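This briefing looks at a protein model with its ligands, taking confidence, overall fold and ligand surroundings in turn.

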Amino acid sequence: MQFNDPRPTGGPPVPALALLAAVYPPHLSDLPTPPSTPVRPARPFVTLTYAQSLDGKIAGPGGTQLQLSGPESMRLTHHLRVLHDSILVGVGTVLNDDPQLTARLPSLLPLSQQPRPVILDSSLRTPPTCKLLVNAQRGISHGVTIVHRALSATSEEDEDLRRRAADLERAGARLIPLEPDEHGLLPLSALLSHPHASHLLGRSLMVEGGARIIASCLAAPPPGIVDLVIVTVAPVLVGEDGVSAVAPRKAGQGAPPRLEHVRTELFGQDSVVVVRPVYEGVEGEGGAA
Ligand SMILES: NC(=O)C1=CN([C@@H]2O[C@H](COP(=O)(O)OP(=O)(O)OC[C@H]3O[C@@H](n4cnc5c(N)ncnc54)[C@H](O)[C@@H]3O)[C@@H](O)[C@H]2O)C=CC1
Ligand SMILES: Nc1nc(O)c(N)c(N[C@@H]2O[C@H](COP(=O)(O)O)[C@@H](O)[C@H]2O)n1
C-alpha cells in the first residue's frame, strides 16, 4: 500500500505516513479522492484523535489552550487532516481555541487537500467571525457545516437562535438541524447516517475534540461510531486543574468500549497510541468495511 505524500515537494521518508499506511484500510490510502468516488461505505470511517498530557489533560486550567504535541507528532496530526475528507470539533473548542483545522505541512496545503470542517453546536453559539468561517470566505478552507438542534420556526423561545442561524448563514455556514438525544446532545450516530452525510462528511471523518465530544464519541452505544482512536501523549504534567481528555459521562450514557491495541510509536518525545474500540458481539470495522 502506498500513501501519497501530500506535501508539494518530496524529501526523505515521512514517519507519519508509514504509521498511517500501517493502520488505515487500503481504500482510504489513495489520497486525495474526489467526493464523487463511486464505492462508498455505509457510513464514513471515523478517527477520534487528540493530544493529552501524561496526566490525561487536553487543556490547562479554565480550558487554556496548550501546545502539547511536539513538532513530530503535530506533523502527524496535519497528515491526518489531509487523510480525512472532513473534520469535526465541538462548539466548546471553537469558542475556546478559535481553531483553523487546516492541513499545514508546514505551510497551508491547497484546498483540494483540506478537510471539510463541521461544528457540533446545539445552540448556535459559533461566532460568525471565527477563523473557520473567515478562512472559508477567503477560499483557503472549505465551507463550514454547523450541526445544531432543530429549531421551531415560530416559537418565541427560539427567536434568538433563528437570528443567530441567519447570521451564520450570511457568514457562509451550512446549517444542519438534528433532534437532540435524551441527554440534550446532538447524536453523532444520526449525523453519520444523515441523508446528506456522504456529501457533508465524505468517506472519512476526523474528530478532534474537545472533552465533551470525546466523551460522547466513546459513550456511543454498540456498534459504536469510532473506528480508530489516535492519542498523542506528551511527556508533560498539567495538574489537576487542567481539562481531562474525556469529560465525565452524563447519567445514562453508555460505558466506554474495550480498546484493542493497534500500534504505539514515538514521534519525537511524544508517544502516539493507536487503538480500536471493540464492542462484544459486533463484527467488522464499522465505516471501513
Ligand atoms: N489537546 C487537544 O487535542 C484538544 C484540546 N481541546 C480542548 O478542549 C476544550 C473544549 O472542550 P469542551 O469544553 O468539552 O467542548 P467541546 O469542543 O467538546 O464542545 C462541547 C459542546 O458541543 C455541544 N455538543 C453538541 N452535541 C454534542 C455531543 N453529542 N457531545 C458533546 N457535546 C456536544 C455542546 O454544546 C457542548 O457543550 C478546550 O479547552 C480545548 O482547548 C479541544 C480539542 C483538542
Ligand atoms: N494534535 C494536537 N496537539 C496539540 O498540542 C493541540 N493543542 C491540539 N489541538 C487541536 O488543534 C486545534 C487547533 O488547530 P489549528 O492549529 O488552529 O488548526 C485545537 O482547537 C484542537 O482541536 N492538537
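Residues 285-289 have pLDDT under 50 throughout, and the model gives this stretch 18 contacts beyond four places in sequence. The structure is a predicted model, with scores of ipTM 0.99 and pTM 0.93.

**Confidence**

- Across the protein the mean pLDDT is 91, and 89% of the residues reach a value of 70 or more.
- Besides the stretch at 285-289, pLDDT also stays under 50 over residues 31-40, for which the model has 11 contacts beyond four places in sequence.

**Overall fold**

- The protein contains 8 helices and 11 strands, and of its 289 residues 41% are buried.
- Among contacts with a separation of 6 or more, 80% are accounted for by residues 24 or more positions apart.
- UniProt, in an unreviewed entry, places the feature "domain: Bacterial bifunctional deaminase-reductase C-terminal" at residues 44-272; over this range the chain is 25% helix and 26% strand, with the end C-alpha atoms 23 Å apart.
- Helix α5, at residues 159-170, has 12 residues and reaches 17 Å from its first C-alpha to its last, which is close to the 16 Å expected at 1.5 Å a residue.
- Following α5 is Gly172, a residue whose phi is positive, near 105°.

**Surroundings of ligand 1**

- There are 28 residues around ligand 1, of which Gly90, Gly92, Gly209, Gly210 and Ser216 come nearest.
- Two or more residues of this shell are given by each of β1 (45-53), β2 (57-59), β3 (86-90), α3, β7 and α8 (211-219), and the largest share, 5 residues, comes from α3.
- By residue class, the shell around ligand 1 divides into 15 nonpolar, 10 polar and 3 charged residues.

**Surroundings of ligand 2**

- Around ligand 2 there are 18 residues, and those that come nearest are Ala51, Leu68, Ser69, Asp97 and Pro99.
- The elements that give two or more residues to this shell are the helices α2 (71-83) and α3 (91-97), together with the strand β7 (204-209).
- The shell around ligand 2 is made up of 7 nonpolar, 9 polar and 2 charged residues.

**Elements found in both shells**

- Helix α3 and strand β7 each give two or more residues to the shell around ligand 1, and α3 and β7 are likewise among the elements that give two or more residues to the shell around ligand 2.

Conventions:
Residues numbered from 1 in each chain as written. Chains lettered and ligands numbered in written order. Predicted model: local features only at pLDDT ≥ 70, side-chain atom pairs only at ≥ 80, totals over all residues. Near = placed C-beta within 6 Å. Helix = DSSP H or I, 4+ residues; strand = E, 2+ residues; numbered from the N terminus. Nonpolar A, V, L, I, M, F, W, Y, C, P; charged D, E, K, R; others polar. UniProt positions renumbered as here; feature names shortened; annotations may be inferred. Expected span 1.5 Å × (residues − 1). Buried ≥ 20, exposed ≤ 12 C-beta atoms within 10 Å, placed from the backbone. Contact = placed C-beta atoms within 7 Å. pLDDT = per-residue confidence, 0-100.
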